[in-house]
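Grab your viewer and work through the exercises below. Try each task yourself before reading the solution.

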Amino acid sequence: TGTDPIVEQADSHPENWPTYGRTYAEQRYSPLAQITDHNVQNLHLAWYQDLDTNRGQEATPLVIDGVMYISTNWSHVEALDAATGHVLWKYDPKVPGNVAVKGCCDTVNRGVAYWQGRIYVGTFDGRLIALDAKTGHVVWSVHTIPHDATLGDIRSYTVDGAPRIVKGIVIIGNGGAEFGARGFVSGFDAKTGALRWRFFTVPAPSNKPDHAASDKALHDIAYPTWSPKGSWTKSGGGGTVWDSIVYDPKTDLVYLGVGNGAPWNYKFRSDGVGDNLFLASIVAIKPETGEYVWHFQETPKDQWDFTASQPIMVMDLPIHGEQRHVIVQAPKNGFFYILDAQTGEFLSAVPYTFQNWAHSIDSKTGRPDINPDALWSLTNKPWFSIPGSLGGHNWAPMAYNPQTKLVYIPAQQLPEPFLSDPKWHMHKQGVNMGMDMTGLPDDPKVLTEVSKTVKGWLLAWNPAEQKAAFTIPHSAPWNGGVLTTAGNLVFQGLSTGLFEAYRATDGHTLFSFDAQTGIVAPPISYMVDGKQYIAVEAGWGGVFPLMGGALARLHNSSINHSRILVFALDGTANLPPVQNSAPQPIAPTGTFSPEKAKLGYQKYQQYCLACHGDNAVGGGVLPDLRWSAFINSTQSFRDVVNKGVLSEYGMVSFSKEISPEQVEDIRNFLLQRATSSYQSLEDKKTP
Ligand SMILES: O=C(O)c1cc(C(=O)O)c2c(n1)C(=O)C(=O)c1cc(C(=O)O)[nH]c1-2
Ligand SMILES: [Ca+2]
């Protein structure tokens, strides 16, 4: 069961895209060259299929021998004829709607894995499921989250990353560090679903063995970097491996991209002492056993959500005149890292974007000299951080073109203020960051100022020289993942709803298509019957449109219309005219008390912001509560927030944390926001 030539020899079959980043090296480079910088202006839609939800779509499709396998929101899976779009089968794992609130960032799924005639998907409620690739029938299904892991709801786990399969072992992580989680990765036997090993990224509070592959490394290396009594002992400390898991056949190592601390507040988490390993680190383990080999921590004392879970790539690079086999990463913290793939030796880190949290990086050790002002949890002063918690680059994959020798990074600048919340305690529902949740005021002047700092661009980065080659400015942040091809092309979907192609050598725009919806997922390329195709999942979503509020609406009125779009040179399909438009403002009928509204704002920011947006501005995916009919009636609003009448859709009851009186305060706040927003929109209409 240990081999699969389709995945392992992906490089010799450019017609396929059989694993997340096409090959194990995850460079997202297609050697296909039928579509080139000379003919890409003739690219046309070949087919499209509507998907079954209008929430964020983040998946990389797989294509094997003319069949496309996609996952979509709520962990659904579909197989389609890759040449025609004809649906061959669909699988719905029936994830209960009420688990939506256990995740920080939309009920997305980043993709499936293929191995020996089966398709593997991780589900948002924590299952790993093997399907027969021909029929979509379930072969086996296991729970990846051990029964006691949540400590009775204190910790929260979801699965949205793509599994990776190495030597017959399916490797899967999880998310949840914004709520409370103790991150771990598991390896399951691809044939039977039996658990082969588990690797925890954060020690057990007791420093007792878990009887897991991580025991020795946690005891010897990680535990001494934590205060024995910080609140991590309850929250779990974080360190979730929610996205990047990369295997390199040459070193025979699996690289785990480990996430941020829980709670974010380092003072609360670890009493302000220790580096808190293996948070914000890349950890190398052995595929068969999960055994620890080495680690490199990018951000010690994390308190900015600076995950090292961003995509990792394997490549060969000339460094100081010597050819080196390396892994590279552009994590949230703003530096482009190069490490020796075999040993983890630090080779280089250079900022790929403006950053203000580190004065410098030690050229020998890679350790940052952290700006003392950035340590907000220790200073108790506000800190305006660049990058913010969404990073200079997030999960949207970058691509490397071995011809131009450039890495194309979907880069962004989204600054964020951080301030400690002295009154913080662990909540059983909603996020647990230990920070003041005050967001942006509803003041056009402030918004204008902040908007000048918010940016998105495609960055062509020369990793050998560790410097930018060129940039392609976009009008907004949170753009899609990237594909590059042997046709001297780079493809990217944009948050504003365009799907574009650029010349790989100089970034010149060669093709632009109106996709009618924001795109965040990465495109792929494949070939069927001698014809090259480009495919991308369209559908605005992920964390930014959920929590971003007014910032998610700057220069961007994206809505979600989820589809798979496939292009070819002789395509003849057309999208129908736009069918759903942004929610229309509705005049509120109720009145509010400003005192209640003020109290309601605090509760809203704590419990509701994460999905419905900062200061009650919706980002185009989930309901904008200012225009919800529920806010006009005390009883209806309570039915939703305290009784959970919409829990099937993801809006569960918050009665454990929010009393009926507090719900009424939130309703008053929403009425206040609706009244003032409606008025200012009306004012804009009158000339
Ligand atoms: O700490 C975590 O466990 C965790 C999980 C996830 C996730 O599972 O999607 C994200 C993040 N963090 C995160 O920090 C982040 O910026 C993020 C963006 C997205 C997304 O899909 O848009 N997920 C996540
Ligand atoms: Ca996080």
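What follows is a set of short exercises, each with a worked solution.

Some ground rules come before the tasks. This is a predicted model, where local features need pLDDT of at least 70 and side-chain atom pairs count only at pLDDT 80 or more, while totals for chains, interfaces and linings use all residues. Residues are numbered from 1 along each chain as its sequence is written, chains are lettered from A and ligands numbered from 1 in the order in which they are written, and side-chain values use heavy atoms, with hydrogens and water left out.

**Exercise 1. Cysteines**

Task: find which cysteines form a disulfide, and work out the handedness of the link.

Solution:
- Start with the criterion: a disulfide is a pair of cysteine sulfur atoms within 2.5 Å.
- Searching the whole structure turns up one such link. The partners are C104 and C105, with 2.1 Å between their sulfurs.
- Now take the torsion: it is -100° about the S-S bond, which makes the link left-handed.
- Next, check burial (buried is under 20% relative accessible area, exposed over 50%, partly exposed in between; 1.4 Å probe, protein chains only). C104 comes out partly exposed at 24%, and C105 is buried at 19%.

Task: why does C608 not bond to C611?

Solution:
- C611 holds the cysteine sulfur closest to that of C608, but the gap is 9.2 Å, so it's too far for a bond.
- C611 is in no disulfide either; its nearest cysteine sulfur belongs to C105, 9.1 Å away.
- For burial, C608 is buried at 14%, whereas C611 is partly exposed at 24%.

**Exercise 2. The calcium site**

Task: list what coordinates the calcium ion (ligand 2).

Solution:
- Set the cut-off: donors are N, O and S atoms within 2.8 Å of the metal (3.2 Å for Na, K and Ca), and since water is not among the atoms, sites may look incomplete.
- E178 supplies two OE entries, N260 its OD1 and D305 an OD, at 2.3 to 2.6 Å.
- Read along the chain, the donor spacing is E-x81-N-x44-D.
- Place the ends: E178 is in the loop between β12 (169-172) and β13 (184-189), and D305 is in the loop between β20 (292-297) and β21 (312-319), so the pair ties together parts 127 residues apart in sequence. Those strands (E, at least two residues), like helices (H or I, at least four), are DSSP runs numbered from the N terminus.
- Both ends count as buried: E178 at 11% and D305 at 3%.

**Exercise 3. The ligand 1 shell**

Task: how many residues surround ligand 1, and which are the closest?

Solution:
- With near meaning a heavy atom within 4 Å, you get 21 residues, the closest being E58, D160, G176, T240 and K332.
- Look for polar contacts (N or O pairs within 3.5 Å; within protein, one must be able to donate a hydrogen and the other to accept it, and residues adjacent in sequence count only if both atoms are side-chain atoms). A ligand 1 oxygen sits 2.6 Å from a side-chain N or O of T240; for K332 the distance is 2.6 Å, and for N394 it is 2.9 Å.

**Exercise 4. A buried asparagine**

Task: is N276 buried or exposed, and what does its side chain reach at 2.9 Å?

Solution:
- N276 belongs to the loop between α4 (266-270) and β19 (281-285).
- Its relative accessibility is 0%, so N276 is buried.
- The N276 side chain reaches the backbone oxygen of T225 at 2.9 Å, and makes a polar contact with the S270 side chain at 3.1 Å.
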